[in-house]
Every structure is written in C-alpha cells, then in structure tokens.
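Colleague: Hi! I'm new to this one, could you walk me through it?
Modeller: Happy to, let me put it up first.

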Amino acid sequence: MRALQNKVAVITGAASGIGRAIAERFAAEGAAVVIGDVREPDGAAVVENITAADGNAFFLRTDVTDSAQVRALIAATESRHGRLDVLVAAAGIGGGSATTVDCSEADFDHVIAVNLRGVFLTMKYALSAMQRAGQGAIVSIASVLGLVGLPRTPGYSAAKGGVIQLMRTAAVEYAQHGIRVNCICPGMIDTPMARAAGDLAMQQFATLQPLGRVGTADEVAAAAVFLASDQAAFVTGAAFVIDGGFTAQ
Ligand code: NAI
C-alpha cells in the first residue's frame, strides 16, 4: 500500500519549488491533492502533470494572507472530498537583503504576513476541519533560519521562528484530538526562490552545508511524505531539519 493512500491533502505554495515537489510526491503516494497558490497558470500546470500520471489533483487560486480565501480552500476540499486529512503549509516568499536597521517596516510586515500569518491562517482553518474529521496531520515548511541567525534576514527569520512555535503550540493543543503537527526546517534547497538569491549565494550556502551541496525539493518532499503518513504516528511537535548538516556545526 502506498504511504498516503486515500488521504486528502491541502498543499499551499504547490505551484512551485518545494510545495510542487510535495504535491507531486503526495499524489504518487496515493493522496488526493488540493493545491492553493497565487500563481494560477503554474498551479494548473502542476494539476495537469499529476493528472497525466493518474494522480488526483485540484487547484484553487488562494492567497494565504486572505482569511476568506483560506477558508474557501478548506471548504472546497471538504465539499469535494468529504474531509481534510493533511495540510502542508509551504507557501512562502523570500525576504532577505537588508539588515535590521535597513529593513523597511513595509518589507518586514509583508514577509510576516505571508510567511507567518499565512501559516497561522491555514493551520487555524485546517485544524477546524481536522477536528470535524477526528484526526489529521500538519506539516509546515519553516527553515533553518527559524533556528539560527543569519545577517540580513530579520523578517524572514522572525517569521520562520514563529512557524516553529506555531507548530509546537498546535502540537500540544491538538494531540488529544488525534492531530499531529510537525514542521520541516530546510537548509538551502534548489528552487526558484533560492535561485532568485543568485548563483553566488547558492554556492556560498553549498559550502556552508557539510554535505557540500544544496538540497533538492524532492529530498524535502520525501520527509513530508513520512511526516504526513501513518508511519509517523508517534511524531508530533518536531522541527525536522533537512540541511546537509548546516545546523549541526
Ligand atoms: P518557491 O518560490 O519556488 O515557491 C513558493 C510558492 O509559494 C510559489 O508557488 C508562490 O506562488 C507561493 N506563494 C507565495 N506567496 C503566496 C501567497 N500569499 N499565497 C499563496 N501562495 C503563495 O519557493 P520554495 O523555495 O519552494 O519555498 C517553499 C517554502 O520553503 C517557503 O515557505 C520557503 O520559505 C521555504 N524554504 C525554502 C528554502 C529554500 O532554500 N528554497 C529553505 C528553507 C525554507
């Protein structure tokens, strides 16, 4: 039996990068996937790929900063599939180039709105649906920058540290409801977001990660499958690091 057979999964940010790899791998493992992302043509293309491989996928344009759109995403999932089993909160934006003094208030607010408040909103409404279903699993995508400091990332790092604490809070709040809540803290992973930081930044990060390279989105997806599956039945409240050894130093 496949790891996620008959699971219903909402994945935000699945039009690109890590979220996309997770959607494709979840579908291959038997999950019915509902993709919420702001990128309409890219999200539709992921659905086409999954459907062409005999998977089950559906896209709903969703901005995770907008509570009504997040509620509509969860409601559409419940009306289409009858319940929600898994949430992967992968939607996010980059946000690092200015020091704390130089970071504008608007840039700080924007990265917090998407990367922290967006995860809060998707968790909040997914948790309600999971309570209705009587069980569930949440995997949010934080970052090693929620664990260690890096210059020029005040908003992004604050948001990712917040995602880890949101995860821990919900893990202890909802354990008795049969809902597991974990997050993944990736190091530098080769995605369009990472490439936007430039080849030099990617190369520098690769040398900082003891395994000597950047990771792949599929390597993150493999961990997401495990954490979402019943194989991880005793795993909750964990910040699972996938960083080539970066935070072990
Ligand atoms: P990406 O840019 O390839 O994908 C991010 C996706 O999120 C895109 O499809 C984008 O349209 C979507 N998105 C952005 N704002 C949104 C919003 N308001 N509502 C809905 N969707 C929205 O980036 P990547 O690298 O795949 O990032 C995925 C997650 O992994 C992010 O949370 C990121 O912070 C995190 N991460 C990435 C790392 C990397 O090195 N690539 C390292 C650590 C964490």
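Modeller: What follows is a short chat about the ligand and the pockets in this predicted model.

Colleague: Great. Where does the ligand sit?
Modeller: The ligand sits in the largest pocket. About 1300 Å³ of space lies in that pocket.

Colleague: And how many residues surround the ligand?
Modeller: There are 29 of them, and the closest are S16, I18, D37, Y156 and T191. Sorted by class, this shell has 17 nonpolar, 8 polar and 4 charged residues.

Colleague: Which elements give two or more residues to the shell?
Modeller: Those are α1 (17–28), α5 (154–174) and α6 (192–196). The most comes from α6, which gives 3 residues.

Colleague: You listed T191 among the closest. What does its side chain do with the ligand?
Modeller: An N or O atom in the side chain of T191 is 2.5 Å from an oxygen atom of the ligand.

Colleague: Any polar contacts from elsewhere?
Modeller: Yes, here are two. For I189, a backbone N or O atom lies 2.8 Å from an oxygen atom of the ligand. For D63, a polar side-chain atom lies 2.9 Å from a nitrogen atom of the ligand.

Colleague: Then how much of the ligand's accessible area does the protein cover?
Modeller: On its own the ligand has 830 Å² of accessible area, and the protein covers 95% of that.

Colleague: Back to the largest pocket. Which residues lie nearest its centre?
Modeller: I93, G94, Y156, M193 and A194 do, out of a lining of 47 residues. Y156 is also one of the residues closest to the ligand.

Colleague: Which helices supply the lining?
Modeller: At least two residues each come from α1, α4 (105–133), α5, α6 and α7 (199–208). The lining as a whole has 25 nonpolar, 17 polar and 5 charged residues.

Colleague: New topic: what about the second largest pocket?
Modeller: About 220 Å³ of space lies in that one. Its lining counts 19 residues, and A27, G30, A31, G55 and N56 lie nearest the centre.

Colleague: Which elements give two or more residues to that lining?
Modeller: For the second largest pocket they are α1 and α2 (40–52). The largest share, 3 residues, comes from α1.

Colleague: So α1 turns up again! How do the residue classes divide there?
Modeller: The lining of the second largest pocket divides into 7 nonpolar, 7 polar and 5 charged residues. As for α1, it gives two or more residues to the shell around the ligand as well.

Colleague: Thanks, that helps a lot!

Definitions and conventions
Residues numbered from 1 in each chain as written. Predicted model: local features only at pLDDT ≥ 70, side-chain atom pairs only at ≥ 80, totals over all residues. Heavy atoms only, no water. Near = heavy atom within 4 Å. Polar contact = N/O pair within 3.5 Å; in protein donor to acceptor, adjacent residues only side chain to side chain. Areas by Shrake-Rupley, 256 points an atom, 1.4 Å probe, with all protein chains shown as cover. 1 Å grid on protein atoms, 1.4 Å probe; cavity = no way out; pocket = protein on both sides within 12 Å on 5 of 7 lines; lining within 4 Å. Sits in = over half its atoms within 2 Å of the grid points. Helix = DSSP H or I, 4+ residues; strand = E, 2+ residues; numbered from the N terminus. Nonpolar A, V, L, I, M, F, W, Y, C, P; charged D, E, K, R; others polar. Points joined across faces, edges and corners; volume = space filled by probe spheres on them.
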